[in-house]
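Visitor: Could you take me through the empty spaces in this one, pockets and cavities both? I'd like a close look.

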Amino acid sequence: MFKGIRDLEGSAFFFFFSPWETAGYDDPMFRAFCEACADARRQHPNITVATCYTFLSIVAGMTEDGITNEEIVDLTGLEYNQVAPQVEALSSGRWKKEGLGFLERRDVENCRSRKIFVTKAGEEFARIFARPAGADAPHGDMVKHLLSSPLPALRAVRSRFPTLRLGTLTVFLFLGARQREFGFNGTPAHALADELGIPNFPRHIAVLGEGPKGGKGLGLIELRVSREDRRVKLPEVTEKGHRFLTEIASAVVGREIELPRKVEPQKLEDLDSPDDISGLDDEDFIWLPPDED
């Protein structure tokens, strides 16, 4: 499972697995999106990607006169019976469950039904995803950024995994963008849990991988056992996972990013450290094949 690199005066550099990498994961826009998802999850741990997408769509599409459920249906492409409970969850809540307070309904003159408006709390939450536009950017600039970057990315996630929680997406984004730490340094998965402040980290890992007990996972990651300590699990993003991650990253940056690649195992054995990878030629890498589906 693990390949060692030649001994150097009694010591040896070895890798735990050869990670897939692409410069697209280092794009500042993609990094900002990852951080935004993490910050949004810290504020609201249970929010789903679909609900987050619906809310940001409302922010981007609402006029000064408010918006109706029917108009939200047109914005999101969802059915009315999907939009209505999301709007309730985003406003005062439903079934005795407290809402997020991002939306409120108001009576509008010459309008039969009450219109929906974004609250101050909702505006602040939306600005988490619009930081590249500037913390104090005018509302129009915030909307422009939401439409060009976070919304296309969240739409891509929602279309594949409509029930996915934002916390699970956050874990996946950070695992994928930092594969080198796990593959070359052997950084344990729980280090990321501590950094992100996610108490139920193992469940997110299970959902992304083989699935929780009695359930089916997404197959986006798999766990390897550390060579140094068999109690330590190292998360490796699968080929399926990297194809999905590059789809998200491409939506964020607004262009198709290069598919990931990894060093040929035989070539990796000839290196003295991961820093030497930058000096390799293209033929020294294995490129992730495109999805045939």
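Guide: Here's a walk through the open pockets, then the closed space, with one stop at a single residue.

First, the ground rules. This is a predicted model, where local features need pLDDT of at least 70, side-chain atom pairs count only at pLDDT 80 or more, and totals for chains, interfaces and linings use all residues. Residues are numbered from 1 along each chain as its sequence is written, and side-chain values use heavy atoms, with hydrogens and water left out.

Rolling a probe the size of a water molecule over the atoms shows where empty space is left. On a 1 Å grid over the protein atoms alone, a cavity is a set of points where a 1.4 Å probe fits but cannot get out, while a pocket is an open set with protein on both sides within 12 Å along at least five of seven lines; lining residues have an atom within 4 Å of a point. Points are joined across faces, edges and corners, and a volume is the space filled by probe spheres set on them.

The largest pocket comes to about 630 Å³. It has 22 lining residues, and N46, T48, T51, A89 and K97 are the closest to its centre. Two or more lining residues each come from α2 (49-61), α4 (80-90), β3 (93-94) and β4 (97-98), with helices (H or I, at least four residues) and strands (E, at least two) being DSSP runs numbered from the N terminus. α4 gives the most, four residues. By class, the lining splits into nine nonpolar, eight polar and five charged; Ala, Val, Leu, Ile, Met, Phe, Trp, Tyr, Cys and Pro count as nonpolar, Asp, Glu, Lys and Arg as charged, and the others, Gly among them, as polar.

On to the second largest pocket, at about 400 Å³. Its lining runs to 26 residues, with E21, T22, A23, D26 and R180 nearest the centre. α8 (166-177), α9, β9 (261-263) and β10 (285-287) each put in two or more. Here the classes are 12 nonpolar, five polar and nine charged.

Helix α9 covers residues 179-183 and holds Q179. Q179 is buried (under 20% relative accessible area; exposed is over 50%, partly exposed in between, 1.4 Å probe, protein chains only), at 2%. Beyond four places in sequence, Q179 has contacts (heavy atoms within 4.5 Å) that include F17, W20 and H242.

As for closed space, there is one cavity of 30 Å³ or more, and the largest cavity holds about 60 Å³. Its lining includes M29, F33, F129 and V252, and helix α1 (28-43) gives the most, four residues. That lining has eight nonpolar, two polar and no charged residues.
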